[in-house]
Amino acid sequence: ATPEILAAVRGGLLRSQAVAGTSALASDPEGRALGESDKDRREHAWVVDGICRALAPWGAARASQAQIARAGEVQHLVSEVSLSLPRGVSVIDAAARLHPTAALCGEPRASAARWIGEVERIDRGWYAGPLGWCSPVGDGVVAVAIRSLLMNARRTGTCPRSSTTRRATRSRTRSRITGRVVEDCLMNAD
C-alpha cells in the first residue's frame, strides 16, 4: 500500500502529501542519511514544487518541512501541502489536477509524460493509478496506488522496474503480505 495521499478534501480544505526520497529502514534506521541526502532532498523539492504549481490556479498552497515517515521496510521524505479551495472544487477535481505527481512522472510533467510514452518499453498496467472515494458534496480522499500486485498461476509481480535494493525490499514486503515468494515481473518477463 502507498503512504501517499494525492488529495484529501474536507470542508473546502485540500491536503496533499509530497512523498519523494526513499531509503531502506534496515540500512538507515534513524533516517539521517535520507534526511541529509542532497539527491533525495532535491527530488523531494521537485515534487513539492510540482504540487504547488498544479494548485496555483486555486491559490497559494502551503507546504510543511519534509519529515521522515516509515512505511514497512522503507522510509520516505514527506511534506504536507494544504490549500483552501475555491467553492465547488471537489476531491476529484483536485486529484485530476495533481495526478501524476513529479514522483511518478517527472518534471516538467507534460514533457516527462511524452518522453516516458516514447522511450519506455514496458506496459505500466495498473502502476500508479489514483484510488479513492468522493462524497456527494465533493469531500473525499484519493491515494496514489503506486504499486499494485497482480497474481496468477504463472507469476506474481509488480511494474515498473526499480533499483535492485528497493526491488528486494519490496519483494520481501510482498512476500510477507501474500505468504509466498513473489518475483518482479520485469526480472522474469518472458
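In the predicted model, Asp38 and Arg42 both belong to helix H2, which spans residues 38–55. The two residues are four positions apart in this helix and are therefore separated by about one helical turn. A salt bridge links Asp38 to Arg42, with a distance of 2.3 Å between the closest N and O atoms. The partners differ in their accessibility class: Asp38 has a relative accessibility of 52% and counts as exposed, whereas Arg42, with a relative accessible area of 42%, is partly exposed. The value for Asp38 lies above the 50% over which a residue is classed as exposed.

The salt bridge between Asp38 and Arg42 is one of five found in a search of the whole structure. Two others involve Lys39. In one of these, Lys39 pairs with Asp40, and the closest N and O atoms are 3.6 Å apart. This separation falls within the 4 Å limit that defines a salt bridge. Lys39 is partly exposed, at 40% relative accessibility. Asp40, by contrast, counts as buried, because its relative accessibility is 8% and the class covers values under 20%.

The side chain of Lys39 also meets that of Glu43 in a salt bridge, with an N to O distance of 2.9 Å. Glu43 and Lys39 are four residues apart in helix H2, so about one helical turn separates them. Glu43 is partly exposed, and its relative accessible area is 27%. Through salt bridges that share partners, Lys39, Asp40 and Glu43 are joined into one network. Within this network, the buried residue Asp40 is thus connected with Lys39 and Glu43, both partly exposed.

Attention now turns to the peptide backbone. Most peptide bonds are trans. In this model, however, a cis peptide bond joins His99 and Pro100, with omega at about -10°. Pro100 is located in the loop between helix H3, residues 91–98, and helix H4, residues 102–105.

A cis peptide bond is also present between Glu107 and Pro108, where omega is again about -10°. Pro108 occupies the loop that lies between H4 and helix H5, the latter comprising residues 109–119. Helix H4 is accordingly flanked by the loop that contains Pro100 and by the loop that contains Pro108.

Terms used. Residues numbered from 1 in each chain as written. Predicted model: local features only at pLDDT ≥ 70, side-chain atom pairs only at ≥ 80, totals over all residues. Heavy atoms only, no water. Buried < 20%, exposed > 50% of the residue type's maximum accessible area, 1.4 Å probe, protein only.
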